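Here is a short tour of a two-chain model for anyone who likes to look at contacts and surfaces. Have the structure open as you read.

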Amino acid sequence: MSTTGALTESRRPPGRVRTLAAALAAVSGRAGWRLWWPLVAWLVAAAVARIGAAGADRSPLDTSAAGVLVLCGVIGVPLLWWGGARYALTLGHTRGTVFVAATLLTMAAPYGQHAVNLVGASIERSLVGPQGPLVLAVGTSSSPAGQGAAATASWALLSIYLLPLLACVMATVVALLRWNRRGWMVVLLIVVALAVIVMALRGLSGLGAVGEAGAVALWALCTVGPVVASWFAFRGAEL
Amino acid sequence: MTTAAALTLQDVGVRWGRTIALDDITVDVPAGSVVGVLGRASAGRTTLVRLLAGRLPRYRGTASVGGVEASQVGDHPGLTYLSTGRWPGATGASVASMARDLARVQPHADPVRAIELLGRLGFAPGTALRHLSGAEQSIASACLALAVRARCTLLDEPDAVADTSQRARLAEALADEHGRQPRTWVIATDHIATWEGLVDRVIVLSAGRVVAAGPLEEVRAGWVRLDGDFDALVAMPHLGPVDRRDDHSSAVVPVAAVPPGAHRRVHSLGLDDLVTALTDTHWEGR
């Protein structure tokens, strides 16, 4: 039997909070770049809109920067999982910790980015006034008649549809990590399921209290369901 | 207080679709061993170390590291650590920042020691990972693994594309680290000469099966190279092909088969020779 030596200099294992913080840092990347890169795209989009607004006759209300931010938030999900989660696993974080950290960031980062946009829009409005060129606007339109509908659509996207969408994108990426190319079959199922759920949500909205309850249940199902499925896929992924 | 971890594999099998990566692997490794996992390309070395590191959740049979089932070792930081030379998602990281990241996760990791080891192998702490070649990344990754000080450290091809000097310095660093704090090491490599003075046990794989396993000297003592007549050697049990030459032929034969009085024609085997002979035989017998 070979030597069995005691390892000296061992430290106390870090607590759960410190472990989760380390996993969040690992998933976020160096200086948290996986969280803030959409803001760079957002600033560029805002700058382009502002330059365009300078030559316009009337004050535009431009939502393209906010749109770019939402889009980049969704694109950021694969980066968090494909790069961040795998890096955290390579360091030796447990799968459970990595999953919690990556899921938290998947769900929270786009909302955090949108909060930055709202703060920016507020500052912009105070600087240039409500009639000024508002390039960080959210849920507004250049025509007064369209403003209400656009606002409703934007807020519906952020408050209702974004979270299930992020959960489904997350499930898609994890399915690809777990089953490689065959993961696309799972992706297809997810897309079909998402479409059915979205249509069902629209149908239920006109049925009063029962419809509302059904809509909330469906919303919870299509948010929590992909997260639970992602965990089972992630747990079995050969990473 | 943490001790080195023993490894136990019983009838372990892994399949990739129709391909058998590992088949009926049964091996026991005492705690504190330095194990060389040897074999040709595609023999199953990487699959075996990945399995022991908990990276393959699905396999047949039972495999444990320090009493923990291999599929669960990922839930026990400090139990195993696998160095593959690849860091997916480590964008913008320097070797020093990775040492710090490891220390946040691994309970026994020593970032100061990591920097010291990296320095010995010629890496400045601020060196960005993306500026390193594949060979340098493998060596740097192995250095970091040494300083992680897991109960069982697994190195997958740490020297695959390294030059002779880097291999020698890495082996020296590992010997130094093992001397300071003995623990279990598993080194999957096809450059066995680098590790020959360090490895005390071997697992020789061919086509996913174990063709020899046990203490190095025991495995090596069972076989010798015998010079003699070609036809006589072919008639004897032998490993691999009989090496035919004009003046004399030679073959790797079991010690027990050496005829009396032939001891002057017997040569001890280098590990490289033995592994080649073992894997050649199994390869031909597929």
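Let's begin with helix H2 of chain A, which spans residues 33-54 and contains A:Val44. Please keep in mind that this is a predicted model. Is A:Val44 buried, partly exposed or exposed? Its relative accessibility is 49%, and because exposed means over 50% and buried under 20%, A:Val44 counts as partly exposed. A:Val44 also belongs to a nonpolar surface patch, together with A:Trp36, A:Val40 and A:Val48. Taken together, these four residues offer about 380 Å² of accessible area.

Now for the place where the two chains meet. Some totals for the contact between chain A and chain B are gathered here.

| Item | Value |
|---|---|
| Residues from chain A in the contact | 32 residues |
| Residues from chain B in the contact | 46 residues |
| Residue pairs in polar contact | 7 residue pairs |
| Salt bridges across the interface | 2 salt bridges |

Between them, the chains bury about 3,200 Å², and carbon and sulfur atoms account for 51% of that area. The polar contact count takes in pairs with both residues at pLDDT 80 or more.

If you would like a specific pair to inspect, try A:Arg30 and B:Asp101: their side chains form a salt bridge, with an N to O distance of 2.8 Å. On the side of chain A that touches chain B, the elements giving two or more residues are strand S1 (6-7), H2 and helix H3 (64-91). Which of chain A's elements gives the most to that side? H3(A) does, with 6 residues.

Notes
Residues are numbered from 1 along each chain as its sequence is written. Chains are lettered from A and ligands numbered from 1 in the order in which they are written. This is a predicted model: local features need pLDDT of at least 70, side-chain atom pairs count only at pLDDT 80 or more; totals for chains, interfaces and linings use all residues. Side-chain values use heavy atoms; hydrogens and water are left out. Patches are made of residues with over 30% relative accessible area and no salt bridge: like charges are joined within 9 Å, nonpolar side chains (Val, Leu, Ile, Met, Phe, Trp, Tyr) within 5 Å. Accessible areas come from the Shrake-Rupley method with a 1.4 Å probe; for residues, only the protein chains shown count as cover. Helices (H or I, at least four residues) and strands (E, at least two) are DSSP runs, numbered from the N terminus. Buried means under 20% relative accessible area, exposed over 50%, partly exposed in between (1.4 Å probe, protein chains only). Contact means heavy atoms within 4.5 Å. Buried area is the accessible area (1.4 Å probe) that two parts lose on being put together, summed over both. A polar contact is a pair of N or O atoms within 3.5 Å; within protein, one must be able to donate a hydrogen and the other to accept it, and residues adjacent in sequence count only if both atoms are side-chain atoms.
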